[in-house]
Amino acid sequence: MTAIRAPYLEIAVLVLGIAILIFETFTAKIDKKTFAYAGIVGLAAVLIASFFLAPESPGQPTTGFWNSYTADPLSIFFKRFTLITTIVVLIMMIDYAPVLRSAANRASNLGEFFSLPLLTCAGLMYLVSAVDFIFIFVSLELVTISFFVLVSFPRRNPIALEAGVKYLILGALSTAFLVYGITWIFGVTGETNLQQIAATFASGKIDIRAATFGAVLVLVGLGFKIAAVPFQIWVPDVYQGAPTPVTAFLSVGSKAAGFVVLLRVLQPFFILPNMQRLIVIIALLTVVYGNLAALPQNNLKRLLGYSSIAHAGYLLIGVACFDGRSVTFYLVAYLLMTLLSFATLIPVAQQTGEEISDFDGLAKRAPFLAFAMLVAMASLAGLPFTAGFFGKFFIFVAAIAQKQTALVVVGILTVACGFYYYLKVVRAMYWQSSTNESPISLTLLSRALIILLIIATFFFGVYPQPILNALKH
């Protein structure tokens, strides 16, 4: 097969998303789910094509877009990560479609609902390849604007509209910080390319205080995207109010791309004094706040929202130690266990609701879904033989290697705290009784998806090597 240039992957996804949007406008009589299936097939084709990319030339780390775009192993890995995430989200959207077709949301246009994730996917793929601040900003805005629309898509649902407004306002504020920081860094260094900024910092011919101030502003802007404390205030309300598949997409896709950008941005910034110490402090605050705030939650989506803040804290531990492999594996584990949680939540919530009490007695009326949620909660808690266990293990090993004792101690204590609120869901499913004994139907495609996620969670929980070796190629 002919080798494919990496930028063609994003172009193909963009063309696919725009084509679906156009066809949907002029084909009113076609079942809208057809466009979701078209998106799934198209993204699967792009995913397969990603394994036939032309190799980069030695000594040529960036290609095209005026040296703003890289196709290094890290970016290629996370392009595939993003494609898989979007495929899973589209499958969940098919299950969620009846909610949008309800009387309260009859004005919703499902064709747009199925095409917007493709545009978001293209933005995320560009984002993980961006090595220039201007390109990072443009890619980030493509992602953020798409999410603005998706979060508030049920236009007649006041909770979704409130979530969209909060995401819009705080997103705009974080963008302002990011733009100001980029402008400040450009004023100090005269560069926007990350490699050239690193060379300028290494030369020592800059104002250190001015450069540090600009770096802090950039971190504030990125802190919103990854839900790090103190920039996390949007997470619980947006996660609860947004359509469930969109919440899953926000939780996994946006967070993964944000951490890849953070790793790239911090590479030159770590030369600056006290920058690592600042990341350590943010990591400690994030992991403590996320776990403590999750303890009293009774709504599962809200619990998973605070949980995502806690997991951002664990990921920041890996970032503070600048261990790309541990961060990468943790993100893969987070992908599996979070998408498994939301894929299980959607059919249950349609019959009963999103409260933890709505899962009472689930093991009797839907044993397969109860087992899937059990696996997801066990992996999120970090039990052995699940991907979540190795995710936390590698993060803590990296912290020990860097002699970050405070991160290790606080991290382990908060993991113990997490066991309580994750096992609340398990207790509801297996130990609480319920008067509702109606079975829950599940499509064949969704059942196959859940089975694959369960298998992958256990597979990488006993054999993590494929992910750890992925960035070597």
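## Voids and helix packing

The largest pocket encloses a volume of about 570 Å³. Among the 21 residues of its lining, Ile84, Leu335, Leu336, Ala456 and Phe460 are the closest to the pocket centre. The structure is a predicted model, in which local features need pLDDT of at least 70 and side-chain atom pairs count only at pLDDT 80 or more, while totals for chains, interfaces and linings use all residues. Residues are numbered from 1 along each chain as its sequence is written, and side-chain values use heavy atoms, with hydrogens and water left out.

### The largest pocket

A pocket is taken on a 1 Å grid over the protein atoms alone, as an open set of points with protein on both sides within 12 Å along at least five of seven lines; a cavity is a set of points where a 1.4 Å probe fits but cannot get out, and lining residues have an atom within 4 Å of a point. Grid points are joined across faces, edges and corners, and a volume is the space filled by probe spheres set on the points.

Helix H3 (73–100), H13, helix H18 (444–462) and helix H19 (465–470) each contribute at least two residues to the lining of the largest pocket. Helices here are DSSP runs (H or I, at least four residues), numbered from the N terminus. H3 provides the largest share of this lining, seven residues. By class, the lining comprises 20 nonpolar residues, no polar residues and one charged residue. In this classification, Ala, Val, Leu, Ile, Met, Phe, Trp, Tyr, Cys and Pro count as nonpolar, Asp, Glu, Lys and Arg as charged, and the others, Gly among them, as polar.

### Cavities

Five cavities of 30 Å³ or more are present in the structure. The largest cavity holds about 80 Å³ of space. Its lining consists of Leu219, Leu222, Gly223, Ile226, Ala228, Phe231, Leu262, Ile279, Ile282 and Leu316. Helix H8 (208–226) and helix H11 (275–294) each supply at least two of the lining residues, and H8 gives the largest share, four residues. The lining has nine nonpolar residues, one polar residue and no charged residues.

The second largest cavity has a volume of about 50 Å³. Leu124, Leu127, Leu140, Val143, Thr144, Phe147, Tyr167, Lys225, Ser254, Ala257 and Gly258 line this cavity. Helix H4 (110–129), helix H5 (133–151) and helix H10 (244–269) each supply at least two residues here, and the largest share, four residues, comes from H5. Seven nonpolar, three polar and one charged residues make up this lining.

### The loop between H8 and H9

Two backbone features are found between H8 and helix H9 (235–241). Pro230 lies in this loop, and the peptide bond from Val229 to Pro230 is cis, with omega near 10 degrees. Ala227 is also placed in the loop between H8 and H9; its phi is near 65 degrees, a positive value in a residue other than glycine.

### Helix packing

Two packed helices are described by the angle between their axes and the distance between the axes. Axes are lines fitted to C-alpha atoms, for helices over the stretch in contact, and angles run from 0 to 180 degrees between N-to-C directions.

| Helix pair | Angle | Axis distance |
|---|---|---|
| H12 (300–320) and H17 (405–430) | about 160 degrees | 12 Å |
| H15 (367–381) and H16 (387–401) | about 10 degrees | 6 Å |
| H13 (324–351) and H16 (387–401) | about 155 degrees | 8 Å |

The last of these angles makes H13 roughly antiparallel to H16, a term used for angles over 145 degrees, whereas angles under 35 degrees count as roughly parallel, 65 to 115 as roughly perpendicular and the rest as oblique. H13 and H16 cross in a left-handed sense, that is, with the near helix turned anticlockwise from the far one by less than a right angle; a clockwise turn is right-handed. In the contact (heavy atoms within 4.5 Å), Ser326, Val327, Phe329, Tyr330, Ala333, Leu336 and Met337 of H13 meet Ala387, Gly388, Phe390, Gly391, Lys392, Phe394, Ile395 and Ala398 of H16. Eleven nonpolar, three polar and one charged residues form this contact.

With its angle of about 10 degrees, the pair of H15 and H16 is therefore roughly parallel. Ser379, Leu380 and Ala381 of H15 make the contact with Ala387, Gly388, Phe389 and Lys392 of H16. This contact has four nonpolar, two polar and one charged residues.

H12 and H17 pack at an angle of about 160 degrees, which makes H12 roughly antiparallel to H17. Their crossing is left-handed. From H12, Leu300, Leu303, Ser307, Ala310, His311, Tyr314, Ile317 and Ala320 meet Leu407, Gly411, Thr414, Val415, Tyr421, Tyr422, Lys424 and Val425 of H17. By class, the contact comprises eleven nonpolar, four polar and one charged residues.
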